[in-house]
Amino acid sequence: MFGLYTIPDAYHYDHGMARFGGFPQDRMFDSPSLYDSTTSISGSATVRKSFLPGPERDAIIKNQLEAFQARADNLPTLIDELRSLMAGRDLTQLINSVAVPAMMVGIDGAESLADGELTSSWAAKIEYLVGVALSLEAVGTADTPHEVTRRVRSLISEIFDAEQARRITAFTTNADIGDLNREVLLQQLQLEYQTDRMPGYAVHLEQVDAEVFGRHREYYVTSLGFNPADVIRATRLNARSLNRVFSAAIDTLRTAMDGPDPDPQAAVAFIEALNATTLWVPLDVAASTGIAVEQISAMLAFFSTDYGCQPEFRAPGDTNRARTHPCIKLDNGTFFVPDPWALSAAIHHRLATEPKRNGFDSQRYYKHRQDAHERLVSEAMAKVFGPSNTFPTQHYALVSKEKGEIDTLIRAEWPLVVEAKAIALTERGRRGYADRVDKKIAEILGKALDQTDRALTYILDEGGRSFTRTANGRQVDVLPREVSSGTAVIVTFERIDPFASSGLSVSGAVKRPTWVVSLTDLLMVTDILMDPASFHHYARERAGMHSIKASAASECDALGAYLIDRISILHSLDHEEEEIARILIADSSDALNDFYTRRELGLEAQKPTVGVPEEILDAMASTLLQAGWAEVAAAVMSAQHGTWSKWKRFRRRHRNSGTFALNDQVTLAHLAKGEPAVERTGGSVFLSIPIQR
């Protein structure tokens, strides 16, 4: 995520907001020539089918790989040109000439703020630029003219494309075809390591960090000099303060430009507002955030490094100190923070690897993180299903006398068993080294899959309904007598999209439908799908994707597609008859990005919804334990959006009572009185919805 600074009535495009700067976008990895056909299906989904194996596809792939190789071969030349452009210049000024315009956007308040498809790699590109600067000595004083800024931006995009091309050609040459799923996962991790720097939306990052560190504030302030929970909080508060200052400065400048006499002070205030976005003075940041200046100074020092600290750094794939130390300490006591959001992206990685000092111990941090992770998962589920249906840390005993434990159990006619894993993926793992990835797949997914399968075996195969809060406590009935099925959910602390999309294929131990999701993504889903029916149905859809070789580029894309048309592509294709290798859900997150960006900027924001009438969602929430509930939930959530316009007309015509068929099996019964209920009659299921008066 970037810090976006609002400029009312500034320049904007007709079809969206205008960044004041940024990086050129090359679609070389999305070539239409690779696809035999493109077809629109229900909703707004598009199916693109690649050519089947054969001479035509082989020729296309050969041409693509030759083009990729040519780009990859040019990588050293591009890097040398970038370094020569930067040498001898004021590095802080040069970085700012690229970073600040990329973070700034002109909006009039009405257009969409979703431009993630274009900007998702920009944070990584700014980080790379900083990394190159850290490989140079800060002895230059030359200014950076506009033409140099433009060339630097272009070079960085070309370098990233060349690096990706290099990785793709290496993959095709060295991949173990006998274990293709594993090879794809490793490549996905490598590409994500290069381009993705978003651990989640800011509001959810702050929620997580407040829970991890809030109860142990004194411990961290004593050992580190600051509370890590304040990193994201300070970033958000400072960004809002700078928004106000910058908006006032540009209004003053506009007034001065329209007036009869020049006002030099207006221009000075404008430049100072620009500088403040990345040049952080601890006293000023303390004033804008309410955090003690000593703690702000300690925080910035913790993340700081110096120019010239990594002379060997060259390519995006090299280890970059800017990733863990995204702040540069300047001689005048000011801290240069080219991308303020990078601080919160780095905090957990830093603490996981920080050596013991001043009483700090990473093992205590891990304990705080694991405990908070389990609490947050249970609290998120309770937000949807209610505390009475959410059971944290449940123990049970199978028929074999083997004992099991699950982190959170959701009581429902179709229960959810949820396992929370806070294990970290190390730097080596994120870079796609096979030995580390294999180990973490086993620790994070393998163990969790074993636990969720054991719990669902107890519930579905052995008819287990009783659980206890403690290992040796007396078991009591928790689940309803009639249970139709169950879904497993694995929640990782860190956002690892390749694990969520491809990890199950590599683990090889998937026996039940399973949804893998990160904590911040789970908080996003529960933020949007706040009722049991929509969340439960979404969890089932996500858990079912693995069996049909479907995945999502990110959870935002999956949820966005669900809001659009319930990910209709999963059911629109005949997976038996059509030769489908893989389905990838992508480019569906605009509504979510727009909502969270607008909310972060303090603008009016319309939360995306599932579009199902409240009275139906309320009835579903009241009947969660009744037999047939999951079947009704699936019918309700799968109904076309136009169904609910017909439902509203139906209710107006049948004010006292009536029945409304959703499909051949499920009917909504509109009743004059009574309580919501799910009833099965023969092969049909009825959801009774009392008239609201």
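**Exercise 1. Work out how the radius of gyration of this chain fits with that of a compact globule.**

Solution. Start with the length: the chain has 693 residues, and a compact globule of that many would have a radius of gyration near 26 Å. Next, look at the chain itself, which has 27 Å, so the value agrees with the globule. Keep in mind that this is a predicted model. For the overall extent, the C-alpha trace spans about 85 × 60 × 55 Å along its principal axes. Inside that space you'll find 27 helices and 22 strands.

**Exercise 2. Describe how helix H16 lies against helix H20, and say what the contact is made of.**

Solution. First find the two helices: H16 covers residues 362-385 and H20 covers residues 519-528. Their axes are 9 Å apart and the packing angle is about 15°. Angles under 35 degrees count as roughly parallel, and that makes H16 roughly parallel to H20. The crossing of H16 past H20 is left-handed.

Now for the residues. H16 brings His373, Leu376, Val377, Ala380, Met381, Lys383 and Val384, while H20 answers with Leu519, Leu522, Leu523, Thr526 and Asp527. Sorted by class, the residues of this contact are eight nonpolar, two polar and two charged.

**Exercise 3. H20 also packs against helix H22; find the angle, the handedness and the residues that meet.**

Solution. H22 is made of residues 555-565, and its axis is 10 Å from that of H20, at an angle of about 20°. H20 and H22 are therefore roughly parallel to each other. This crossing is right-handed. From H20 come Asp521, Met524, Val525 and Ile528, and they meet Glu555, Cys556, Leu559 and Leu563 of H22. The classes here are six nonpolar, no polar and two charged residues.

**Exercise 4. Classify the packing of helix H15 with H16.**

Solution. H15 runs over residues 341-353, and its axis comes within 7 Å of the H16 axis. The two cross at roughly 135°. H15 and H16 are therefore oblique to each other. On the H15 side you'll see His348, Leu351 and Ala352; on the H16 side, Ser362, Tyr365, Tyr366 and Arg369. That gives four nonpolar, two polar and one charged residues in the contact.

**Exercise 5. Which strands stand at the edges of the sheet S19-S20-S22-S21, and why is one side of each left without a neighbour?**

Solution. Begin with the layout: four strands form an open sheet in that order, with mixed pairing. Strand S19 (658-661) and strand S21 (677-681) are at the edges; each has a single partner strand, so one side of each has no neighbour in the sheet. From one strand to the next, the twist averages 25°.

Move inward to S20 (residues 666-671) and S22 (residues 684-690): they run parallel and six bridges join them. As an example, Val666 has Val685 in S22 as its bridge partner. Finally, add helix H27 (residues 642-653), which lies across S19, S20 and S22 and runs at about 170° to S19.

**Exercise 6. Do the same for the sheet S6-S9-S8-S7: what is the pairing, and which strands are at the edges?**

Solution. This is an open sheet of four strands, and its pairing is mixed. Strand S6 (279-280) and strand S7 (304-305) each have a single partner strand, so one side of each is left free of a neighbour in the sheet. S6 runs antiparallel to strand S9 (residues 335-336), and two bridges join them. In this pair, Trp280 stands opposite Phe335 of S9.

How values were computed
Residues numbered from 1 in each chain as written. Predicted model: local features only at pLDDT ≥ 70, side-chain atom pairs only at ≥ 80, totals over all residues. Heavy atoms only, no water. Pairing = 2+ DSSP bridges. Axes fitted to C-alpha atoms, helices over the stretch in contact; angles between N-to-C directions. Contact = heavy atoms within 4.5 Å. Parallel < 35°, antiparallel > 145°, perpendicular 65-115°, else oblique. Left-handed = near helix turned anticlockwise from the far one by under 90°. Nonpolar A, V, L, I, M, F, W, Y, C, P; charged D, E, K, R; others polar. Rg over C-alpha atoms; globule rule 2.2 N^0.38 Å.
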